[in-house]
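Subject: Handing over the structure

Hello,

Here is the structure I promised to pass on. Please open it first, then read my notes below.

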Amino acid sequence: MSVQSLNAERQVWIYTQMLRIRTFEERVKRTFTDHPGVIRGHTHLADGAEASIVGSLSHFREGDAALATYRCHGYPLTLGSDPKAMMAEVYGRADGLCKGLGGSMHLTDVKRGFLGTSGIVGAGIPHAAGAAWAAQLRKRGDVVFCFFGDGASKQGAFHETLNIASLWKLPAVFVMENNGYNVVTTTAQEDANAAAGEPLSVKAKAYALPGVTVDGTDPLAVYRTVGEAVERARAGRGPTLVESKVYRLSAHGNIIAPPGVPLHYPEHEAIAVFGKREEYEAALRGDPVPRFRGTLILGGVLTSAQADELAARIAGEIEEAVSFALKSPFPKLESALEYNYA
Amino acid sequence: MALMPYIAAIDAGIHQEMRRDPKVLYFGQNLATTENHAFLAAYGPERVRVTPISETAEIGIAVGAAMAGLRPVVELYMAEFMLVAMDQVVNEAPRMRYMSGGQVKVPLVLKAGYGFTCGWAGQHTGTLSALFMGVPGLKVAVPATAADAKGLMASAIRDDNPVVFLHHYLLTLEQGEVPDGEYLVPFGKADVRRAGADVTIVATGWMVPRALGAAQQLAKEGIDAEVIDPRTVAPLDLDTILKSVDKTGRVVLVDQATRHASVSSVIAAELAEHGFRALRAPIIQVTAADTTIPYSEPLEAYVLPDEARIVAGVRTVLK
């Protein structure tokens, strides 16, 4: 899998998906001020991880599956879920992707191969291995993409699953998005490898599977690295752990507060907790979305007029999603009891 | 007395015991990551530590530290995170003393918020108190006021057994008068929050203010409700409840949990056995619907007990 195989059209597709994720999530964030009270509970944004999400899912083909965490808006968007249904879900409405029952943390779109998310850190990793077992039995070369954060690699579920997946040569790609922070804890404060100056991908060594670290802010680098892992999995040679280094550009989530306290996004923990404004501003300067736009324009893949036009089209698409979601009714009350059993 | 929010009162309880006893540890995820953290600054990194997201190790380490003579308080944040380490909570911590024939004790506190029903959807909103109350060896505290939050936390730390301390997330910012200085609330002693003659309402956590609101509403119609808050569900102060039912003959049990996993169903069974002769009407339970909690706001309200449903329950039991 080489970058040469990525023609101009495909590169523009990658940028388009990155920008759609960014625009969608900016609107989610803005909802807290534009329409107070419309979003409840806890939402988590993937700004800064778009290149990693889209670069990885560029390899997704029909029959594959993906699972992720509560920071989940980007995956279904990339896989083709309707942003109107996604926003309606975030707003708790009847037309939501999950009928208003799951909300921002639990987007699921089985038709598009997005099997869902867990709000419990690390809990989705074994689910992905289970789905990979099913893929292995289908013998069609299907692969399962498993997305989780650096924090999850401190869970037993991570270690137990990597061992089994490697032992059984399950066709899975474990993409660990290392964004440097577990809420207000830095990776070096909670990870022995990080504290020793090692990449987190070394954890793979313990379970005899390849472990690689990639710059997750570079979609082409992610495309290459995950591509190799996907190829390996499709060929029946087993799973790979990819540590994709990103920087979360928003705080962990909106503030956690009981009803009555207006929700909003606080400042990033690097500044609010650790006073490391420099670190945060450097990350902002490396923002993967405008950076890839620059790469494509410099490379002659896209003109800046075309890029502007694309941005305007996406803004319109997401604006439409917001108005649709605001107009969508709340679900029927009795539907709250409908899906406890199959 | 000082007016303070529920959450500050819990901290006051931990401070009270950490100052008093150098064997008390406090650790968990996302706490003490900077030097100005109140507990880290006061007691130092030997006793106050941040942990990775590793509940099995966090709680397992607490069990070991407790067996070795320390008194750990584990910050779990959300009750559901304890489920990740269910073996340590249910099948390790409360078993060690028994299986060793009383040789070891396991004095630890598992501090976790629960019942955060404000849009946190299916995995962060559970009312899990009943899940733990039936485990021999575990104690379960469910404070509903700031004062109880401080006093029960202090008692939990002093207790020689593993205690699941469940603070209600929706009460976090509720202000209450909290006694200054050393303050302990005993386990197994219910608080009669409102005396009344016509009907007994038993409620815990966030349901206590709802029950008091219902009682106030009913008072306007001339119905005099007694409201009892057990404060700990293991041990459970059945005597106070039975005494009340002896007086009123009618009982409404309120619980934010789903019915078959509720404290109220346990109390109902005990009342049916031990208070049957006093009962003048069937026991009424006002609980959450048997469902996972939905995200959408009107649906969430639809499945939860509220003041109106408590009032309706009282009217039914008085018919």
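Two residues are in contact when heavy atoms of theirs lie within 4.5 Å. Keep that in mind for the next figure. Take the contacts in chain B between residues at least 6 apart in sequence: 79% of them join residues at least 24 apart. One caution before the rest: this is a predicted model.

**Chain B overall**

Chain B has 13 helices and 14 strands. Its radius of gyration is 20 Å, and the globule rule gives 20 Å for 319 residues, so chain B is as compact as a globular protein of that length. The C-alpha trace of chain B spans about 60 × 45 × 40 Å along its principal axes. Of the 319 residues in chain B, 61% are buried.

**The seven-stranded sheet in chain B**

One open sheet in chain B has seven strands. Their order is β3-β2-β4-β5-β7-β6-β12, and the pairing is mixed. At the edges stand β3 (48–51) and β12 (232–234) of chain B, each paired on one side only. From one strand to the next, the twist averages 20 degrees.

Look inside this sheet at β2 (residues 24–29) and β4 (residues 71–78) of chain B. Five bridges pair them in the parallel sense. B:Gly28 is a good place to start: it stands opposite B:Glu75 in β4(B).

**The five-stranded sheet in chain B**

Another open sheet in chain B has five strands, in the order β9-β11-β10-β13-β14. Its pairing is mixed too. Why is one side of β9 and of β14 of chain B left without a neighbour in the sheet? Both strands, β9 (191–194) and β14 (284–288), stand at the edges and have a single partner strand each, so one side of each has no neighbour there. The twist in this sheet averages 25 degrees from one strand to the next.

An edge strand might be exposed, so I checked the cover of β14(B). It is mostly covered: five of its five residues are buried. The chain reaches β14(B) from β13(B) by way of α11(B), and this β-α-β crossover is right-handed.

The partner of β14(B) here is β13 (residues 251–258) of chain B. The two run parallel and are joined by five bridges. Two facing pairs help to find the register. B:Val252 stands opposite B:Ile284, and B:Val254 stands opposite B:Val286.

Helix α11 (residues 263–274) of chain B lies across β10 (199–202), β13 and β14 of that chain. It runs at about 150 degrees to β13(B).

**Three residues in chain A**

*A:Thr217.* This residue lies in the loop between β7 (211–215) and α9 (219–234) of chain A. Is A:Thr217 buried or exposed? The cut-off for buried is under 20% relative accessible area. A:Thr217 has 14%, so it is buried. Its side chain makes a polar contact with the side chain of A:Asp215 at 2.6 Å. It makes another with the side chain of A:Arg291 at 3.0 Å. Leaving out residues up to four places away in sequence, A:Thr217 touches A:Gly48, A:Ala51, A:Lys245, A:Val246, A:Pro288 and A:Arg291.

*A:Tyr181.* This residue is found in strand β5 (residues 181–182) of chain A. It is buried, with a relative accessible area of 5%. Which side chain does the side chain of A:Tyr181 meet in a polar contact at 2.8 Å? It is that of A:Glu279. Beyond its neighbours within four places in sequence, A:Tyr181 is in contact with residues including A:Asp150, A:Tyr247, A:His268, A:Phe274 and A:Glu279. For scale, A:Tyr181 and A:Ala315 are 134 residues apart in sequence and 30 Å apart in space, C-alpha to C-alpha.

*A:Ser335.* Look for this residue in the segment after α13 (304–327) of chain A. A:Ser335 is buried, with a relative accessible area of 14%. Its side chain reaches the backbone oxygen of A:Lys332 at 2.6 Å. Not counting residues up to four places away in sequence, A:Ser335 touches A:Leu101 and B:Leu299. The second of these belongs to chain B.

Best wishes

How values were computed. Residues numbered from 1 in each chain as written. Chains lettered and ligands numbered in written order. Predicted model: local features only at pLDDT ≥ 70, side-chain atom pairs only at ≥ 80, totals over all residues. Heavy atoms only, no water. Pairing = 2+ DSSP bridges. Helix = DSSP H or I, 4+ residues; strand = E, 2+ residues; numbered from the N terminus. Axes fitted to C-alpha atoms, helices over the stretch in contact; angles between N-to-C directions. Buried < 20%, exposed > 50% of the residue type's maximum accessible area, 1.4 Å probe, protein only. Polar contact = N/O pair within 3.5 Å; in protein donor to acceptor, adjacent residues only side chain to side chain. Right-handed = clockwise from strand over helix to strand, strands pointing away. Rg over C-alpha atoms; globule rule 2.2 N^0.38 Å.
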